[in-house]
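Please work through the exercises below with the sequence and the model in view. Each task sentence is followed by a solution in steps.

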Amino acid sequence: MIQISNHLPTGELQALDSAHHMHPFTHGADLAANGPRVITRARGVTLTDSEGRDYLDAMAGLWCVNIGYGRDELADAAARQMRELPYYNTFFQTTHVPAIALANTLAELAPGDLNHVFFAGSGSEANDTNIRMVRTYWAQKGKPDKKVIIGRRNGYHGSSVGSASLGGMRGMHAQGGLPIPDIHHIDQPDWWSEGGETSPGEFGLERARQLERAIAEIGEDRVAAFIAEPVQGAGGVIVPPETYWPEIQRICDAHDILLIADEVICGFGRTGNWFGSQTVGWRPHIMTVAKGLSSGYAPIGGSIVCDEVAEVLAHCEFNHGYTYSGHPVACAVALENLRILREEGIVDRVARETAPYLEKAWTALADHPLVGEARLKGMMGSIALTPDKTRRAAFAAPAGSAGLICREACFENGLVMRHVGDRMIISPPLVISQAEVDTLADRAAKALDIAHSRLRDEGLMSAG
Ligand SMILES: *Cc1c(COP(=O)(O)O)cnc(C)c1O
């Protein structure tokens, strides 16, 4: 066995990586051409790579490291739990203290009567749980045909067969025979790209009413649930028009279907409240959580379920569960993360100080000639790149070309910002300071300048 450590030269690590490591969501040709970036350590909001270069991580990893990197308390909580009870399962009438404590804490934090938690190892797993849970719920109530779940195009709910079917990512559905049967998709509330000549308000209503039409077409007696992210994340941080969520709630109130809020990104303070559904004013029966639940320090997810659904489920054996449902180490880490979020008043600070400050810096980018709109909800934001902002035009070049150029310019300037097509997105750690927000905005502006001149040089500034 060779010793593979941080001390190997970058080139050697890259060669060992490409020999044996298969990467998620990565094109093999890009990887072969450029090699992977090797990240070696992180502190606060700053990543360091194997060349010793620092980056401000405006994505908090993958939307998850909400309390920032390098919190020893979480490492200590994990070590303590590993020594005491590294693993035991929660199947077959068994439990352990970390699962009890975390379920109770989540019930306390979650709004209304969302009082019961089914644990999973990730957001994808939790949404797979939700598919089976809502269908089992209706079957238990004597309606086994009420099993269609309505999701949204360009929504993201995970990458397993079930959760990717709930999501509406075209590229994912194109591989591996998705979606599974009895999943239906309506359009997303993305006014910038799809609103045409309608006003944002009208467009929001129109997109919400697609839900009502879908329920009518499919038949209420066949629709089990509607699932949505309060603010779409992976789809490009799409902040819907103000009219959208109240209309969705009105439609949901009028029909007997279950509502699943996918809070995997929005949960635990990202939008300035504990949950994104509180921010947009939506009352779900089930919330999917993961990511920020442990700030990414341990893999854990779950479904937080209302009294009524939990009660009905309790009348049968739900033939479902994961080896790592309620993993004690992951639960202990999540508990410590939630303690820090509460005791340090981080969610409050986001709402009162950090998000308003970020919003000012972020929306100022809309003045840049390459930027059409800059939107933000709490601590998740996006900007739309455009060759012509007066027309909300898309680029003539293939979607994502401009975004990729901008992302690379960000890396060169010490900033991790992701692109979704030709939208640039951020979701920084919630603990980012105002000085770090200034740095983020400076580097983003610089990267936009560089991207703009490259796009001009390469003749890519024409509209499609
Ligand atoms: C990331 C994500 C998921 C999937 O979570 P994993 O832990 O990657 O399985 C589900 N829903 C949303 C909204 C997400 O952003």
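The exercises that follow concern a predicted model and treat its ligand site, two helix pairs and two backbone features.

**Exercise 1.** Determine which residues surround the ligand and how they divide into nonpolar, polar and charged.

Solution. Begin with the residues around the ligand: these are Ser 122, Gly 123, Ser 124, Asn 127, Tyr 156, His 157, Gly 158, Glu 229, Asp 262, Val 264, Ile 265 and Lys 291. Next, sort this shell by residue type: three are nonpolar, six polar and three charged. Finally, consider the contributing elements: helix H6 (residues 123-140) supplies the largest share of the shell, three residues.

**Exercise 2.** Identify the polar side-chain atoms that approach the ligand, and state what share of the ligand's area the protein buries.

Solution. Take the oxygen atoms of the ligand to begin with. An N or O atom in the side chain of Lys 291 lies 2.6 Å from a ligand oxygen. Ser 122 has a polar side-chain atom 3.5 Å from an oxygen atom of the ligand. Turn then to nitrogen: a ligand nitrogen atom and an N or O atom in the side chain of Asp 262 are 2.7 Å apart. As for area, the ligand taken alone exposes 380 Å², of which the protein buries 84%.

**Exercise 3.** Classify the packing of helix H4 against helix H14 by angle and by handedness.

Solution. Helix H4 spans residues 72-84 and helix H14 residues 328-343. Their axes are 8 Å apart and form an angle of about 150°. Angles over 145 degrees count as roughly antiparallel, and H4 and H14 are therefore roughly antiparallel to each other. The crossing in which H4 passes H14 is right-handed.

**Exercise 4.** Carry out the classification for helix H16 and helix H17.

Solution. Helix H16 covers residues 401-412, and helix H17 covers residues 434-457. The two pack at an angle of about 135°, with 8 Å between their axes. H16 and H17 are therefore oblique to each other. In passing H17, H16 makes a right-handed crossing.

**Exercise 5.** Locate the cis peptide bond, and describe the phi angle of Trp 63.

Solution. The cis peptide bond links Leu 178 to Pro 179, with omega at about -5°. Pro 179 belongs to the loop between helix H8 (170-173) and strand S6 (183-186). Trp 63, although not a glycine, has a positive phi of about 60°. Trp 63 is situated in helix H3 (residues 60-63).

Definitions and conventions: Residues are numbered from 1 along each chain as its sequence is written. This is a predicted model: local features need pLDDT of at least 70, side-chain atom pairs count only at pLDDT 80 or more; totals for chains, interfaces and linings use all residues. Side-chain values use heavy atoms; hydrogens and water are left out. A residue is near a molecule or strand if one of its heavy atoms lies within 4 Å of it. A polar contact is a pair of N or O atoms within 3.5 Å; within protein, one must be able to donate a hydrogen and the other to accept it, and residues adjacent in sequence count only if both atoms are side-chain atoms. Accessible areas come from the Shrake-Rupley method with a 1.4 Å probe; for residues, only the protein chains shown count as cover. Helices (H or I, at least four residues) and strands (E, at least two) are DSSP runs, numbered from the N terminus. Ala, Val, Leu, Ile, Met, Phe, Trp, Tyr, Cys and Pro count as nonpolar, Asp, Glu, Lys and Arg as charged, and the others, Gly among them, as polar. Axes are lines fitted to C-alpha atoms, for helices over the stretch in contact, and angles run from 0 to 180 degrees between N-to-C directions. Angles under 35 degrees count as roughly parallel, over 145 as roughly antiparallel, 65 to 115 as roughly perpendicular and the rest as oblique. A crossing is left-handed if the near helix is turned anticlockwise from the far one by less than a right angle, and right-handed if clockwise.
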